[in-house]
Amino acid sequence: MNASPAQRTLTIMVAVALAIGALITAFPFLWMLLASFKPQREALDFPPTLLPLAPTLEHYVTLFVQLDFGRYLVNTLLVVAISFLGLLIMAMAGYGFAKFEFRGRRWMFFLVLATMMIPVQVTMIPTFLILNAMKLTNTLAGIALPTLVSGFNIFLFRQFMSTIPDEMIEAARLDGAGEMRIFVSIIVPLAVPIFAVQAVLTFIAGWNSFLWPLIIANDQKLYTLSVGLSLLNQQLAVNPSLQMAAAALMVVPMFVVFVIFQRHIVQGFTLSGLK
Amino acid sequence: MRRTTTISALAGLATLLLSGTALAAPVTVWIMGDSSANFDALVAPFETETGIDVETVAIPWDAVDEKLTTSVASGQGPDVVQIGLSKLRTFADAGALLPLNDLVAGYPGLAPENFADGVAGDATAVAGQIVSVPWISDTRVLFYRKDILEAAGFANPPATWDELRAMAKTLTARGDGQYGYYIPQWDSPLPVVMTWDNGGDIVNADGNVDFTSPGFAAAVDLYTGLHADGSVPKNGDFDQTQGFISGIAPMLVSGPYLAKAIAGAAPELDGKWGITTLPKGSASGTSLFAGSNMGVFATTDAPDESLKLLEFLSKPETQVEWFKLNGELPSVKAALADPALADDPLVTVYAAQLADAKVLPMVSNWDGGVGSELLKALNSIVLTGADRATALANLAAATAGESIN
Amino acid sequence: MTRRLAPYVFVGPAMLLLATFGVFPILVAGLVSLTNMNLGGLARWSNIKWVGLSNYAKLFRDPDFWQALWNTVFFVGLGVPCVVLLSLGVALLLNRSQGPFFRALRAFYFVPAITGIVAISLVWSYLYNTQFGLLNYLLSLVGVKPVQWLSDPTLAKFSVGLVAVWRGTGLNIIILLAALQGIPRDYYEAAALDGANGWQRTRFVTVPLLSYALFFVTVTTLIGWLQFFDEPFVLTDGGPLGHTTSVSLFIYKEGFRGSQFGYASAGSLVLFVIIAAVTLLQLRLRRRDLE
């Protein structure tokens, strides 16, 4: 678009409006970060101050030293790593639904969509009993398994895979490539953008996972960050700053991941045929 | 319980190699709270002495229901579990807790007469069966701001609920946004305590839940009256710690954890606030006996080790040690009388109140059932102006058939 | 691997997992809803009795369930349009320039979406607190009396909804932004040549081309709000007096607080049917749109 002076003024106005909106949106996050550096006494002060008057790192030290947050962090990363396996399974499913005609496709895909409509609270106890029967309670695999695949993500994969030209696949078949080989050497490289999106979504979900780690783990050694944080969230420890520090510890890494990968994320959605 | 994690296997191996004692079955303990570190320190001598490995798992208070429910469903629970008194009946009814009547005989440390009367033996038995051993005590006392009461011309804290109501009204008149007292909207035991203090109960002679006693009517008068006077904040998100520190609510009924929070957050208020036993109603100043017991999970495969651990936890010196580590009150009489506690002026008040405290009626599922219906009825009267007779009729209908039998 | 077998191999693992952890549990819930399952029943299955449809009958007579249902309708009615329109608006504005400043701003709008619910509860409870919250403090500076954000029955619905709107926009903004960037430049240039101004270009070029993305965002948002749970759970626990209890929260409370799993399962199934009906209706409407 040609940038006339009027257009440029409008762009600046939009930029200012967006910046104000961004500040308001991110304010609770900013508040959390700043409060995490306040001593306990200051956090309870009224009227509140935005900036910590006597900034301290004591709460972060407490988290790591006293509350085993180092271990929770490792567990969280392990859960995220396992859930990345789900990406591959969902990509395969998306490809299958997008590029093959087969008996039962319609109702299977309907099932995929239907699972999006089931509230988690509903399925918690049956799911737990299933995992228990599979002897997977108290394992990291058991924590990751119930959320390994999701209808929403399979749907996104399918949308993306539909945009891959059939000719490419046919050409590879004529060259004698096997189906699995086509998937691995042609489809997966083409699907990098959607993998990027899904990786970030998976990371967010795994990072914040609370319910399953809590229920499946019979051993504190398997707790994740979210569960660790909720251990603090109780009446016996009225220390808002400590809680804020724990919360910040959870959000900041996600923020960094997003800032690094955001270009790929937007691109991935763009190419996923969601237009 | 099957424990197959490598870590515990290694730990067990290490115990075997280092101490040379026979490998006893490990005991898993679920405790409520923010960290297992203190509990690990507490039981370390027990582990050395007996060679029994104790694995502690801290369960967040917020998630106790989910955690206990799923463990009941699978039978894959811990060996020993800390259980709040208000949930005791629910889990005992489900058969999740091992009946201890016949077993405690072999463990003199677990004899009911060792424990505070409010929770000992039959007081926390479910359908005549002892299913748990008292662990920590907790009770509610009156917190008050000496400085604010004095400035308003009150030399002493209120001795009766009537006096409290009148004082609260005066204190509320201090200014806009000021109150005299605070009633947490989630505090279902408070109206029950008010009922007891006025000579009533919410369970009749047959053991059925019954909200028709004159004592309960007096409690409703008090509860609604404090609201009608404007003496208590009507917002549900009132923060009692900040409210007390700032002086907005200079009187309230709460437990020892509040004293700890105040001391931590506002050391400069030292000497300006105090606690005392509950004000009296027409009959008594009985308070709530809260706290937690320890139960043995029905599916345990280490009942002897579990009971040994419970006996260790019930030793007066262990209980005193726990008070020092974690600030929670003992349930063992001898420990309550220990000089380490008796020297603490706050603990003296708690101990005095514990001597006149009762547990909530052991109805099935207090928190999710009778307790929440009670709060719903009372709060609908005070918050939305619902008709008292209708609200109480609804309460009676919703809790019909509930009993302690 | 033959071509006939291939799709099953691709789809199989995911279907197996979905069937195990998605479909099977809802079937179990269906069965459970016909029983009096409680904690005792969970512990020993012999304690369970079939009760037919009586859980459903009780459910439809339960004023708390109806309150939760109407609350959910309110939340959906408030939340879905707000989330969709706000996401669309911000995405359109963010798409105005591809400069580094605009790109940097995206991250800020995405922050709420990546914040875990426990952290959200901490910060927002603090912001909303009647006596000591930041919002009321700021209002007091301009002489406004304390507002009961989470305690006033009507206002609490909006306050809880606001947090969910705040949290719900981030991902949708990114999806819509991506869709916007997928629109070829030529379309705008052609429209500009025809003399369309900025607003007309947005209205007649952008929005129609976005229709698929908008549809996707609307459906997923709608499903999310019908299952509304996290925000009232951590901020108000459904209070004051049930005014922010959604159907999901009602189910949760009956199930886990009240141990009435049979009854809660009946509620679950009703919610599932409502969600399925609403979603299918949307799909049907859209198909008619396209024809």
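1. Tyr8(C) counts as partly exposed, because its relative accessibility is 31%. The class covers values between buried, under 20%, and exposed, over 50%. Keep in mind that this is a predicted model.

2. Where does Tyr8(C) lie? Tyr8(C) is part of helix 1 of chain C. That helix runs over residues 6–32.

3. Tyr8(C) also helps to make a nonpolar surface patch. The other members are Met180(A), Val184(A), Leu5(C) and Val9(C). The patch has an area of about 400 Å².

4. Which helices supply at least two residues each to the nonpolar patch? One is helix 10 of chain A, residues 179–190. The other is helix 1 of chain C. Met180(A) and Val184(A) are the patch members from chain A.

5. Now take chain C as a whole. Chain C has 14 helices and 0 strands. Its pattern along the sequence is α-α-α-α-α-α-α-α-α-α-α-α-α-α. The C-alpha trace of chain C spans about 75 × 75 × 35 Å along its principal axes.

6. How much of chain C is buried? Of its 291 residues, 55% count as buried. The accessible surface of chain C is about 12,500 Å². Carbon and sulfur atoms account for 67% of that surface.

7. Look at the contacts in chain C between residues at least 6 apart in sequence. Of these, 64% join residues at least 24 apart.

8. Last, the charges. Chain C carries 21 positive and 12 negative charges. The mean positions of the two sets are 5 Å apart.

Key:
Residues are numbered from 1 along each chain as its sequence is written. Chains are lettered from A and ligands numbered from 1 in the order in which they are written. This is a predicted model: local features need pLDDT of at least 70, side-chain atom pairs count only at pLDDT 80 or more; totals for chains, interfaces and linings use all residues. Side-chain values use heavy atoms; hydrogens and water are left out. Patches are made of residues with over 30% relative accessible area and no salt bridge: like charges are joined within 9 Å, nonpolar side chains (Val, Leu, Ile, Met, Phe, Trp, Tyr) within 5 Å. Accessible areas come from the Shrake-Rupley method with a 1.4 Å probe; for residues, only the protein chains shown count as cover. A salt bridge is a side-chain nitrogen of Lys or Arg within 4 Å of a carboxyl oxygen of Asp or Glu. Helices (H or I, at least four residues) and strands (E, at least two) are DSSP runs, numbered from the N terminus. Buried means under 20% relative accessible area, exposed over 50%, partly exposed in between (1.4 Å probe, protein chains only). Contact means heavy atoms within 4.5 Å. Lys and Arg count as positive and Asp and Glu as negative; His and the chain ends are not counted. The place of a charge is taken as NZ of Lys, CZ of Arg, CG of Asp or CD of Glu.
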